Amino acid sequence: MPSPHNSSELSPQQQLEAYGYKQELKRSLSTTDLLIYGLIFMVPIAPWAIFGVVYNAASGMVPLVYLIGLVAMVFTALAYQQMAKTIPLAGSVFSYVGRGIHPNAGFFAGWAILLDYLLVPTLLYVFAAESMVGLFPGSPRWIWALIFVAINMIINMMGVSSMKLVNRVFLAIELVFVVAFIVIAVKALNNETIPGAVFTTDPIWDASKVTGPLIAAALSIAVLSFLGFDGIATLSEEASGGRKAAGRAMVAALFIVAFLFIIQTWLASSLAGGRDAFDPEAEGNAFFTIVQAAASTGWMNAFFVVNVLAVGIANAMAAQAATSRLLYSMSRDGQLPRFLHTLNHRRVPRNAIILVSVLSAILVLFFVGQIDLISSLVNFGALFGFMLLHISVIVYFMGKKKSKNFLLHLIVPIIGFLIIGYVLWNANIEAKVGGIVWLAVGALVFTYYRITGKKTDLSGETELEEDQIPATGERGGL
């Protein structure tokens, strides 16, 4: 292996080999592909489904919620960026915390985020199935859910090239409908199609309504709305744009999707005509009702179908891909059963994809009609993993590498930790109980691996420096 001091002279494969790993996954995702993946994971049209709920919780200031979310999550995105360019491995927080703090901490970070990644596809399938029943009354929810599971398993098994194509198609469709909504909204506001609807800055900031408790409640909603950009880190070993590609894509995806969220919800809030709140029975379809009033029933139905397909196929497919890569990485390091490390001829983690699909199918049957419960558990896993990520940035850069960049390696992770910690502290009791139970199960798994002789020592590995990379590296005895 070559031993230049400038890491830019080494190929991504050589960078991976510096950790003692072989290049097994297919490295064919450009920075643009990662960006598109991140946008699909976060769903540019995500506000459609929850607009009414957020409108009621934020006294009509929905775009303010997403602006707060952007400010809150940019600290976590920057933390991911710092770790991703230094440790370009597929395990996301599992790899970052394991090498930043300690392998044992890495296991629990990976186990926590696994709760998020395992349940996100289930949440999306349940939501899509509920929506399909709305389109086809009387049809069984579980059949729709299993159809979506099968579609996404097939696409993921076909390899990253198929995933890239599907991502591009769905992103194009979603962006076309974003533009369509902007045109519909501007036209309706100009023509006064909806009585009382007027374009105003009140949805961004209404001093008479803004209070401390409202901002605090909005923060919780906002942070959870941006979950998904971190999934880009799980594809690091399939990126062809160098070690900084994943980090750049994460930050860019966060800002782009935040802009789209703010524009759409600003216009939708203006079309709401200054109402105080939506009726509880109507808040779930509030956005689509607004489209109907501003355009027609045909447009409303078109928006509804696009939303269902974006969630049930594109978003769930991205979530399934991220989950399978996390399982692959933890299996490769001996933290989960070895069979999850198996690849198919298209160089994707076959058994991990199958396992995620089977678990999703089983969990869908159990969680049908329990969207709130799934959401709570998903949130705990993500937030707990994020907190450990922020700690790993401080420990790794300030402690191990003696960094002098106090802004990115100390101040940013401290602020990010406090924000995420606040949101987690104020999570509902179901989320906390479910999360603690999940961590307890993880402790049993961890204990089993230790008792049976599995080691978690990664100390033999080397990390990529900012301006150099070691010539050789050996994996620990896993």
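**Helix exercises, with solutions**

Helix H10 (residues 245-271) runs for 27 residues and reaches 39 Å from its first C-alpha to its last, close to the 39 Å expected at 1.5 Å a residue. The expected span is 1.5 Å times one less than the number of residues, and helices are DSSP runs (H or I, at least four residues) numbered from the N terminus. A heads-up: this is a predicted model, where local features need pLDDT of at least 70, side-chain atom pairs count only at pLDDT 80 or more, and totals for chains, interfaces and linings use all residues. Residues are numbered from 1 along each chain as its sequence is written, and side-chain values use heavy atoms, leaving out hydrogens and water.

**Exercise 1.** Work out how many residues of H10 are buried.

*Solution.* Start with the cut-off: buried means under 20% relative accessible area (1.4 Å probe, protein chains only). On that basis 20 of the 27 residues in H10 are buried, so the helix is mostly covered. Then step just past H10: Gly273 has a positive phi of about 75 degrees.

**Exercise 2.** Find where Phe170 sits and what it is in contact with.

*Solution.* First, place Phe170 in helix H8 (residues 160-191). Next, check its exposure: Phe170 counts as buried because its relative accessibility is 14%. Now list its contacts (heavy atoms within 4.5 Å). Skipping neighbours within four places in sequence, Phe170 is in contact with Ile40, Leu309, Ala310, Ile313 and Ala314. Finally, take the C-alpha atoms of Phe170 and Ala314: they're 6.5 Å apart, with the two positions 144 residues apart along the chain.

Key:
Helices (H or I, at least four residues) and strands (E, at least two) are DSSP runs, numbered from the N terminus. Buried means under 20% relative accessible area, exposed over 50%, partly exposed in between (1.4 Å probe, protein chains only).
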